[in-house]
Amino acid sequence: MADTVLYEVGDGLATITLNRPEAMNAMNTEAKVALRDAVQAAAADPSVRAVLLTATGRAFCVGQDLKEHIGSLTADRESGSGQTMSTVREHYNPIVRALTEMPKPVVAGVNGVAAGAGFGFALAADYRIVAETASFNTSFAGVALTADSGVSWTLPKLIGPGRAADLLLFPRTVKAQEAYELGIANRLVPAESLAAEAEALARTLATGPTVAYAALKESLAFAASHSLAETLEKEDELQTRAGASEDHAIAVRAFIAKKKPEYLGR
């Protein structure tokens, strides 16, 4: 796997680190392929019970590498191939789908600016712990593009369609405090403690009742596009599944014994 993205698994936690600090973790083709492969590997690995997505340097991810992009656009015009924008289908869509659909919690540790597709990756996580010095920007309209990386789906669900339209039509820097107030950031921490706190949070999830977490994630996604009646049926289905898990039995026994449960993730 390319070193533009680092991938490590230990004690049930997969840590995926964007690693192009010299380019503010802009996504060139190599990085996009590496990130897609890493996220899909984490999703498919039964030993992984939670995922931490973070980055090195002063940025989380500023989105598409425009230096590479302009070269691809020029080549497209010369060849008439029109292949440049296939990156959405080949890279961004699989990344976001893997993050949102994997049956395990994903934490984004946002250390700096998250813009464009980088914003989309952060939004695709289930929980965002954000440095107080970080910021967000949709960026797309600023380069005459529309939203990708799931932003048109995730952002309105977090902050409402009106505010999402405002940020998409009029891109601007949303600083960490405002992001927290809008509901984009779940937790703000000092920049110097982000790495440690993000890892601790992700490790807590990795040792938790991950069958229940998977059901909660599925339930929230289902409820976002279905009626109350349909959602109640889905809750019944998922609660039956969670209730049959070993983790539920462990939790009940621990509660009665007044002990801390030690979950198995099954």
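**Close-up 1. Arg20, a buried residue, and its salt-bridge partner Glu22.** In this predicted model, Arg20 has a relative accessible area of 12% and is buried. Its side chain meets that of Glu22 in a salt bridge, at 3.9 Å from N to O. Glu22, for its part, counts as exposed, at 63% relative accessibility.

**Close-up 2. Arg97 and Glu101 in helix 3.** Here a salt bridge joins Arg97 and Glu101, with 2.9 Å between the closest N and O atoms. Both residues belong to helix 3 (residues 87–101), and because they are four residues apart, about one helical turn separates them. Arg97 is exposed, its relative accessible area being 52%.

**Close-up 3. A salt bridge between Lys217 and Asp126.** The closest N and O atoms of this pair are 2.9 Å apart. Lys217 sits in helix 9 (residues 210–223), while Asp126 is found in the loop between helix 4 (117–124) and strand 7 (127–131), so the salt bridge ties together parts that lie 91 residues apart in sequence. Lys217 is buried at 11% relative accessibility, whereas Asp126 is partly exposed at 34%.

**Close-up 4. A salt-bridge network.** Glu218, Lys234, Glu237 and Arg241 are joined into one network by salt bridges that share partners. In total, the structure holds twelve salt bridges.

**Close-up 5. The open six-stranded sheet.** Follow the strands in the order 1-2-3-5-7-10, and you will find mixed pairing. Strand 1 (5–10) and strand 10 (187–189) are the edges, each pairing on one side only. On average, neighbouring strands are turned by 20° against each other, direction ignored. Strand 2 (residues 13–18) pairs with strand 3 (residues 50–55) in the parallel sense over six bridges, and Thr15 stands opposite Leu52 of strand 3.

Notes
Residues are numbered from 1 along each chain as its sequence is written. This is a predicted model: local features need pLDDT of at least 70, side-chain atom pairs count only at pLDDT 80 or more; totals for chains, interfaces and linings use all residues. Side-chain values use heavy atoms; hydrogens and water are left out. Two strands pair if DSSP finds at least two bridges between them. Helices (H or I, at least four residues) and strands (E, at least two) are DSSP runs, numbered from the N terminus. Axes are lines fitted to C-alpha atoms, for helices over the stretch in contact, and angles run from 0 to 180 degrees between N-to-C directions. A salt bridge is a side-chain nitrogen of Lys or Arg within 4 Å of a carboxyl oxygen of Asp or Glu. Buried means under 20% relative accessible area, exposed over 50%, partly exposed in between (1.4 Å probe, protein chains only).
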